[in-house]
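Here are my notes from going through this one, point by point. Have the viewer open while you read.

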Amino acid sequence: MIPNTLPQSLIDNPLLSDWIGFEPEGRVRVSTGKVEIGQGILTALVQIAAEELDVAPSRIRTVSGETSGGPNEGVTAGSTSVAMSGAAIRLACAEVRALFLAHGADRLGVPAESLVVEDGRLRRDGRDTGHDYWSLAAEIDLTRPATGGAPAKSPTQYRVVGTDLPRVDLPAKIEGRGFIHDMVAPDLVHARIVHRPWRDARLASLDEAAVRRAAGLPIEILREGDFAALLGEREFAVQRAALIAREKAVWEGGTPLPDDTNSPDWVLAQPSRTRVVDTGTPPEREDGEVVSATYWRPFQTYGSIGPSCALARFEDGQLTVWSHTQNPYALREQLARCLGLDGAVTVLHRQAAGCYGHNTADDAAFDAAFLATRRPGRTVRVLFTREDEFMAAPFGAAMVIGLRAVLGPDRRPASWTIDIASPVHSNRPGSHGHHGFRSREALPDPPPQPVIRNDNPDAAGGGATRNGYALYDLPFHRLIHRTVDPVPLRTSSLRGLGAYANIFAIESFMDELAEAAGADAVAYRLSLMSDPRARAVIEAAAEMCGWPGDAPRGEGRGLGLGFGRYKNRAAYMAVAAEVEVDEAVRLVRIWGAADCGLVITPDGAKNQLEGGIIQAASWALKEELRFADGKVATTNWDDYPILRFSEMPEIEIRLVGESRDPPLGVGEAAMGPTAAAIGNAVARALGTRIRALPLSRERIMAALLA
Amino acid sequence: MTTTPATADDTTETILIVNGAPVRLAGDPTRPLLAVLREELGLVGTRFGCGQEQCGACMVLIDGEPVYSCSREIGALAGRSIVTVEGLGGGRGLHPLQQALLDEQAGQCGYCLSGMMISGAALLERNRRPSRREILDALDRHLCRCGVHNRVVRAVRRAGAAMDGLVDEGTA
Ligand code: FES
Ligand code: FES
């Protein structure tokens, strides 16, 4: 049974009414601080609530990420939502159910143990008692703190959890509804921002006449400091104006970025602070064979298919903001701070296109909020242009990762060193005591930038160091972490943070060590791995792909495998990839085996893992930002291609965990293992290893010619 | 007939057939079809993704062919028949592909799906039994960042089978 210690979300939001309410017509409100960002969290939480309350899932209405009511659970990130919000909802619902049973028993003069709940109705000996949650709701005050005293069900009793409840948000979406972009208001005013191309750029001039001409309809141009916005009644006109304004704006000063920004040399040339963490016992002698290698992950971007959107309305001193932010509470706080509206800001989460890390949602929210304060009584709607989604977005941080092992006489690493250089992986609103809004920096009197930015602490899962500690049995492990800071660009969270590149590097290096040891890559891993759950996923993936296959090395075809346990504490996953390489890499097939412990929605977990594999494969094969003229030069999908339908491998997923183990987050589990599997497969197919991502056509050609 | 107010001093009028009904559009004939659908006709199911014919989020059927609506000017479309995701079912509930997407749970954020349904439905009009390769090619203009591609492929197959009147569990 899952123990009833109060989860943090319940400690932070103790009232049962924060989480649950009974509404007319047999509906149940379940509130969560976590938000739907395409990952299916609301469906999983509905299942948990339905399970513990014993009501049909269709009765449940979720309220999510609204600062006007409901629990504050911080940011939706890091594959923690089921573990955090799910744990709170599970206990709160179990307690509500117990309260109603006890109250019903009182009313009926029978022992509570003799009653059961079926779809919200109290029943006894197979007969309806005439009472249900809704008829009793007025008699039970849920504005009381949760005690955690009511037992939640044990996994063996589950009837809803662990089944494939269809996604609750999908029906609307396949009918073309359900996105923030679709919200309308009679008093809507559309806006676009003329974003600065690099940090501290000054807007020297803007040919307003040309911008107005391009619009074709009357628009308003609002300028304050180096901030410029275009507003109008008709969206297409404002959009036209925005595209021309981008070309007509003349910027000077500030910190234009050099063309070679996206290179290991540039990253290593920036200032950095170094710390060293040793674990285990250093070997007495370091005279064994040394194997070392350096890996590279470039600056990349999340590239959501829908550009960021926000709406805001300011009236009677109150600001309401609709946003697809990952953290409505932090957004509220930073908006209030920046706009001097303490206690007067409400943030309401609304869904948008998939979110894979810190995107421009908060920036769009600030833009809309700021403009709303300048146009009180109107609903201001801001949409990012596609170009700004590339140019003005936070960057997934680049990483240079050195690995070095000293092999003992048994060919196992006696000493292991990982040396990670990377800018910080979080610059969300509120990080480093900073507002984090791009446009606030362009407005007059911006608050100063933080003097230093530290990366996410290891205890919180780390940023650059996430999964930097290899899970293998290593007698001595040295981690060198160089926080590259300050840098003149905004680096932030991209799905998995450092885990993606660290697992790519570590698992590539494992293959290199196996080679040095003359051992099979899977057997070598298993000889260094004592965690049975890790072994199980590695063995499962190897079995699924028919490891080691029959392709001879270096002849254009190969299998590769990669393993990781996200954050070293969420889901375990091993991925195997089969590739063909001629001038470029073709993905033939990918297999994934994951242990996520108790899985709330197995099909949803598979969907996340498949999607993670595809995104990680796209990062690994195709993606890198380019810089020119001081700014991002890859500003559309032709410049920054991602994996397309015609390039899709078939994918097979197997869930191998046990439902008696607590749920482990799945959203980011696939990223690193996929990159590693592809990298290792390509190394086998080519007969030579490419250690820099992406494994693009240019790099393959260069390797073939070398 | 829906009539929208003139947007400029331009007195041009364009008539389109949208989801089976004629629509009279006054004003600027150079405005993009996508803007007209979303802003003027309230057909918000068609999505803006890039505005550059590079992502497929805005795909609609024009006389049965999938076409990017983000860049098409309405003036060039006079008299043409346009179908958006809202009209895909032809007023008879969900199109089989919509149902199949639900059956296959082919969605994460769902932002890309409106466009894909258009191209998928057009493919199924020609070919109820497309191969995996034919489906991949038909959908290749559509980007999805969540990675639901393989599920969408399965959904197209399932829908084709349903449209053929054959219950084919093997496509699941
Ligand atoms: S919005 Fe038309 S193709 Fe992207
Ligand atoms: S489901 Fe999110 S972009 Fe396709």
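How exposed is B:D63? I'll start there and then work through the rest; bear in mind that this is a predicted model.

1. **B:D63 and its partner.** B:D63 comes out as partly exposed, because its relative accessible area is 46%. Its salt-bridge partner is B:R80, with the closest N and O atoms 2.7 Å apart. B:R80 sits in the loop between β5 (65–68) and β6 (81–83) of chain B, and B:D63 in the loop between β4 (59–62) and β5, so this pair ties together parts that are 17 residues apart in sequence. B:R80 is partly exposed too, at a relative accessible area of 31%.

2. **A helix-to-helix pair in chain B.** Next, look at B:R158 and B:E104, whose side chains meet in a salt bridge at 3.0 Å, N to O. This pair links distant parts of the chain: B:R158 belongs to helix α5 (residues 149–163) of chain B and B:E104 to helix α2 (residues 96–104) of chain B, 54 residues apart. The two ends differ in burial: B:R158 counts as partly exposed at 25% relative accessibility, whereas B:E104 is buried, with a relative accessible area of 8%.

3. **A buried pair in chain A.** Over all chains the structure holds 70 salt bridges. One of them joins A:D511 to A:R689, with 4.0 Å between the closest N and O atoms. A:D511 lies in helix α14 (residues 498–517) of chain A and A:R689 in the loop between α18 (671–686) and α19 (697–705), so the pair ties together parts 178 residues apart in sequence. Both A:D511 and A:R689 are buried. They also belong to a network of salt bridges that links A:E507, A:D511, A:E512, A:R525, A:R684, A:R689 and A:R691. If you're assigning charges by hand, that's the set I'd look at with you.4. **The A–B contact.** How many residues does each chain put into the contact? Chain A brings 62 and chain B brings 57. Between them the two chains bury about 4800 Å², with 52% of that on carbon and sulfur atoms. A:I174, A:I305 and A:F645 supply 19% of the area that chain A buries against chain B, which is more than any other three residues.

5. **Polar side of the contact.** Ten salt bridges are counted between chain A and chain B. One is between the side chains of B:R132 and A:E650, at 4.0 Å, N to O. The count of residue pairs in polar contact across the two chains is 37, with both residues at pLDDT 80 or more. On the side of chain A that touches chain B, at least two residues each come from α6 (170–174), α8 (235–248), β17 (379–383), α12 (386–391), α17 (602–621) and β28 (650–655). The largest share, ten residues, comes from α17(A). By type, that side of chain A divides into 25 nonpolar, 17 polar and 20 charged residues.

6. **Nonpolar cores.** In soluble globular proteins, nonpolar side chains tend to be buried together. Here the largest nonpolar core has 170 residues, and A:W416 and B:V152 touch the most other members. Not counting residues up to four places away in sequence, A:W416 touches a list that includes A:L403, A:A470, A:F476, A:I506, A:F509 and A:L513. The list also includes some charged company, namely A:R404 and A:R478. Another core, of 45 residues, lies apart from the largest one, with A:L53, A:V110, A:L115 and A:V160 among its members.

7. **A:L10.** Is A:L10 buried or exposed? It counts as buried, because its relative accessibility is 2%. A:L10 is found in helix α1 (residues 8–12) of chain A. Leaving aside neighbours within four places in sequence, A:L10 is in contact with A:W19, A:A88, A:L91, A:A92 and A:A146. For A:L10 and A:L91, the separation is 81 residues in sequence and 8.6 Å in space, C-alpha to C-alpha.

8. **A:D132.** Last one: which backbone nitrogens does the side chain of A:D132 reach? The side chain reaches that of A:W134 at 2.9 Å and that of A:S135 at 2.6 Å. A:D132 is found in strand β6 (residues 127–132) of chain A, and at 12% relative accessibility it counts as buried. Beyond four places in sequence, A:D132 touches A:G120, A:R121 and A:L122.

Terms used. Residues numbered from 1 in each chain as written. Chains lettered and ligands numbered in written order. Heavy atoms only, no water. Contact = heavy atoms within 4.5 Å. Buried area = accessible area lost by both parts, 1.4 Å probe. Polar contact = N/O pair within 3.5 Å; in protein donor to acceptor, adjacent residues only side chain to side chain. Helix = DSSP H or I, 4+ residues; strand = E, 2+ residues; numbered from the N terminus. Core = buried A, V, L, I, M, F, W, Y, C linked by side-chain atoms within 4.5 Å. Buried < 20%, exposed > 50% of the residue type's maximum accessible area, 1.4 Å probe, protein only.
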